[in-house]
Structures are given as structure tokens and as C-alpha cells.
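I opened this structure today and kept short notes as I went. Here is what I looked up, entry by entry.

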Amino acid sequence: MIFLRAAQREFANTAMAVFVALFAILVTTVLIRLLGQAAGGRVPSEAVLALIGFGALAQLPIVLSLTVFIAILMSLSRSYRDSEMVVWFAAGVPLTRWIRPVLRFAVPVAVVIAGVTLVLAPWAQYKSVEYKERLNNQDDAARVAPGVFRESAGAQRVFFVEVGAGEDGRVRNVFVSSVLEGKLGVMVAEEGYLRTGENGERFVVLERGRRYDGTPGTPDYRIMHFDRYTLQMAGQVAKDLPVRNRMVPLQTLLDDPNPANLGELASRVGVPVAALILALLAIPLSFVNPRAGRTNNLIVAILTYLIYSNAISVSQAWIAQGKVSFVVGALAPHLVMVAVLAALFYRRLAVYSIWRRRSA
């Protein structure tokens, strides 16, 4: 019991540090990508925070799987480095005694991974797409932000507002550029505000300004001064959400077992199973020479995870394309890794093996 409690405590402390580091990397990566899209006008700036949350939740199973794998690997590698494993083996206790504490630590995390993968991650994917589409369906007036050039949905107008709306709902120093039938129109106004018609139409009313009309490349231009100028904003037609397998609920995958849905189901089920196998795989992979560092183990761990995850993705694609059946595609990557796991345990446990014979 003392050994189990000590192992659980070390696994938990290491996992907490690894999770914080990996989650920070994930959030930073998503943040950089979304900020780039927001700077280009593809994503509204007010949507960045919500999309970061949805993206982090969708990628959480990957972070948790790596956390369990790396935490167990680093903890056991420390035992080898500090020669604790020498005492362990000298007492006549085999390496397989680590299986029980590793499973006690990994199984609850795998249950959480299963819940996120099967339920929460598809919901986050759906909400992310829904949120983006709702923002894209806003009219042109709702896209205007102070100090930022905004292009209309049809790419026919460009808006700029220097000072945002105050308590009276008016904006100051408005610039509008539009192209109609090959003619360029530029309007500048001191103030502007939104007005809604009787039938729900949206209008932008500009006051005290000028309008310049003409054809680019020719001297034929017209200048008009106005006290009030009204523009009708074209409403956006609501579009259906793009359907992606990652955002399909679990019940839909079970009710409609077509190849694409079966491939997605195999991928979702494979993530928690892979987390358990990787946790056990960390036991034989944790062996290090006490005089050497642990860098090689981390490199091998990352390569193993990448190969394993790519194998699951390939199996998902083959199931979706009808090249293999659901059972074969869902089980093949895990059975191969179980065979590798058994071979690695045999290498560490066998007194006489082909590896020692070759090295001799």
C-alpha cells in the first residue's frame, strides 16, 4: 500500500506539470492561429476567446493521452536514474508489478478521455462551427469596429469608423468605399447611426459629409455634399451548417452506420483505448542507463505516439473508404501495439532472449 500510494502521488504530480505545459502549448497555438485569422478579417475579434475554448476542448483528449504517457514514462525513468529499480529487482519483484499502479492511475483518465472524445469534443466542434456561421451571417453594419477597415460580405463595400458608438448610438468620422457597375464611390461623413425600417430593413444613415463618384483611371469624377445619406444594408441569407464527421453526435453515428460514420466511430473509440495501451507501453520504454539522460526516452515516446495516432487515422480513412471492415480497422492498430507491448515486456523480463544473445 505504501508503494501504491507513493507511485500514485508521483504519477499525479508529474502529470499535473506535464498537463499544464501541454495545455499552455495548445492554447498558445490556437491563439496564434485565431489571431492571424482575426487580423485578416476572417474571424471577428470578439469571437477569439470563445473559439479558443471550443478548440481547446476539442483537442483535450490528445493532451490527456500525452499527459498520461509522458507522466508515467518520466516517473519510471527517474526510478531507473536514481537506481531505485535496482533495489526493486534485487528484492525479486518483476517489472510487471508496475502494471497495477499504472492502470489505477491511467484508467480514470481514460474514462475522462472517453467522455470528452465521445460527447464533449463533437459538441465543441459543432458549437465552434455554429458560432462562426452566426457571426458570418451578421449584416455589414454589425461587422463595423472602431479603427478597423471592414469589408462587407459581398466584398462590395469597405467601412471604417474612427470613433465607436457612444451612448447616443452615433459613430464619428465615417468612411465608406463602394464599387457599383465599375464606378468607385467614396463617402466620408462626420457622424452616422443605424436605423431599422418598418419591415425590419437595416439602414446606415450618414450626416454632414461628401461623396466622390467616378471611374478609376479617368478624370470623370463627381463630388456631392450632403446633409443626410441613407444606405440600405443587405441582409445575409442564413446558410446550413457544414456537416463534418467530427461534429456528428455519438447517437447519430450509431443510428446511421455508413462507412464515414463507422470510421469516425472507430477513431473516437480508439483514443481512450490508445491512452491505456500507451500507459502500459511506458513501463518497458522507461528503461534508461542511470549514467545517461532521459532525452532518448522522450523522443521515443513522442515517435511512438505519432506512429500510433497516425495508424488510427489511417484505419479511420480506410474504414470510411470501404477498404477494410469496421472490426478490422478498429482493432488492427491496437492489436499491433499490444504485440509490441508484449515484445518489449519480454525483452525486459526474459533472462535469455535473442537481444541478449546478439549483444553477447
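**Glu-207 and its partner.** I started with Glu-207 and asked: is Glu-207 buried or exposed? Glu-207 has a relative accessibility of 8%. The cut-off for buried is under 20%, so Glu-207 counts as buried. I note here that the model is a predicted one. Next I looked for a charged partner. The side chain of Glu-207 meets that of Arg-228 in a salt bridge, at 3.4 Å from N to O. The two residues sit in distant parts of the chain, 21 residues apart. Glu-207 belongs to strand β5, and Arg-228 to strand β6, which covers residues 221-233. I then checked the cover on the arginine. Arg-228 is exposed, with a relative accessible area of 55%. I wrote the pair down as a buried glutamate joined to an exposed arginine.

**Glu-191 and Arg-208.** I moved on to another pair. Glu-191 and Arg-208 form a salt bridge through their side chains, 3.3 Å from N to O. This pair also links distant parts of the chain, with the two positions 17 residues apart in numbering. Glu-191 lies in strand β4 (residues 183-196), and Arg-208 lies in strand β5 (residues 202-214). Glu-191 is buried at 15% relative accessible area. Arg-208 is partly exposed at 38%.

**The network.** I asked which residues are linked in a network of salt bridges. They are Glu-190, Glu-191, Glu-207, Arg-208 and Arg-228. Both pairs above belong to this network.

**Asp-213 and Arg-222.** I looked up one further bridge. The side chains of Asp-213 and Arg-222 meet at 3.3 Å, N to O. Asp-213 counts as buried, at 12% relative accessibility. Arg-222 counts as partly exposed, at 49%. How many salt bridges does the structure hold? I noted eight.

**Arg-202.** I stayed with strand β5, where Arg-202 is found. Arg-202 is partly exposed, with a relative accessible area of 29%. I checked its spacing to Gln-232. They are 30 residues apart in sequence, and their C-alpha atoms are 6.0 Å apart in space.

**Helix α8.** I turned to the helices. Where in helix α8 does the kink lie? I found it at Val-271, shortly before the proline Pro-272. The kink is about 30°, and the helix runs over residues 259-285. I also looked at the start of α8. There, a side-chain oxygen of Asn-258 comes to within 3.1 Å of the backbone nitrogen of Ala-260. Then I checked cover along the helix. α8 is mostly covered, with 20 of its 27 residues buried.

**Ser-65.** Val-271 came up again when I looked at Ser-65. Ser-65 lies in helix α3 (residues 60-81). I found Ser-65 buried, at 4% relative accessible area. I set aside its neighbours within four places in sequence. Ser-65 is then in contact with Ile-113, Val-271, Ala-275 and Tyr-305.

**Leu-22.** Next I picked a residue from helix α1 (residues 2-39), namely Leu-22. I did not count residues up to four places away in sequence. On that basis Leu-22 touches Val-63, Leu-66 and Thr-67. I took the spacing for one of these partners. Leu-22 and Leu-66 are 44 residues apart in sequence, and 8.4 Å apart from C-alpha to C-alpha.

**A nonpolar patch.** I searched the surface next. Ile-299, Ile-302, Leu-303, Leu-306 and Ile-307 make a nonpolar patch of about 470 Å². I looked closer at Leu-303, which lies in helix α9 (residues 295-320). Leu-303 is partly exposed, at 48% relative accessible area. I added a reminder on helix geometry. An α-helix has 3.6 residues a turn, so residues three or four places apart point the same way.

**Whole protein.** I closed with the totals. The secondary structure comes to eleven helices and six strands. The protein has 360 residues, and 39% of them count as buried. It exposes about 20400 Å², of which carbon and sulfur atoms supply 62%. Last, I took contacts with a separation of 6 or more. Residues 24 or more positions apart account for 57% of these.

Conventions:
Residues are numbered from 1 along each chain as its sequence is written. This is a predicted model: local features need pLDDT of at least 70, side-chain atom pairs count only at pLDDT 80 or more; totals for chains, interfaces and linings use all residues. Side-chain values use heavy atoms; hydrogens and water are left out. A salt bridge is a side-chain nitrogen of Lys or Arg within 4 Å of a carboxyl oxygen of Asp or Glu. Helices (H or I, at least four residues) and strands (E, at least two) are DSSP runs, numbered from the N terminus. Buried means under 20% relative accessible area, exposed over 50%, partly exposed in between (1.4 Å probe, protein chains only). Patches are made of residues with over 30% relative accessible area and no salt bridge: like charges are joined within 9 Å, nonpolar side chains (Val, Leu, Ile, Met, Phe, Trp, Tyr) within 5 Å. Accessible areas come from the Shrake-Rupley method with a 1.4 Å probe; for residues, only the protein chains shown count as cover. The bend at a residue is the angle between axes fitted to the seven residues ending there and the seven starting there. A polar contact is a pair of N or O atoms within 3.5 Å; within protein, one must be able to donate a hydrogen and the other to accept it, and residues adjacent in sequence count only if both atoms are side-chain atoms. Contact means heavy atoms within 4.5 Å.
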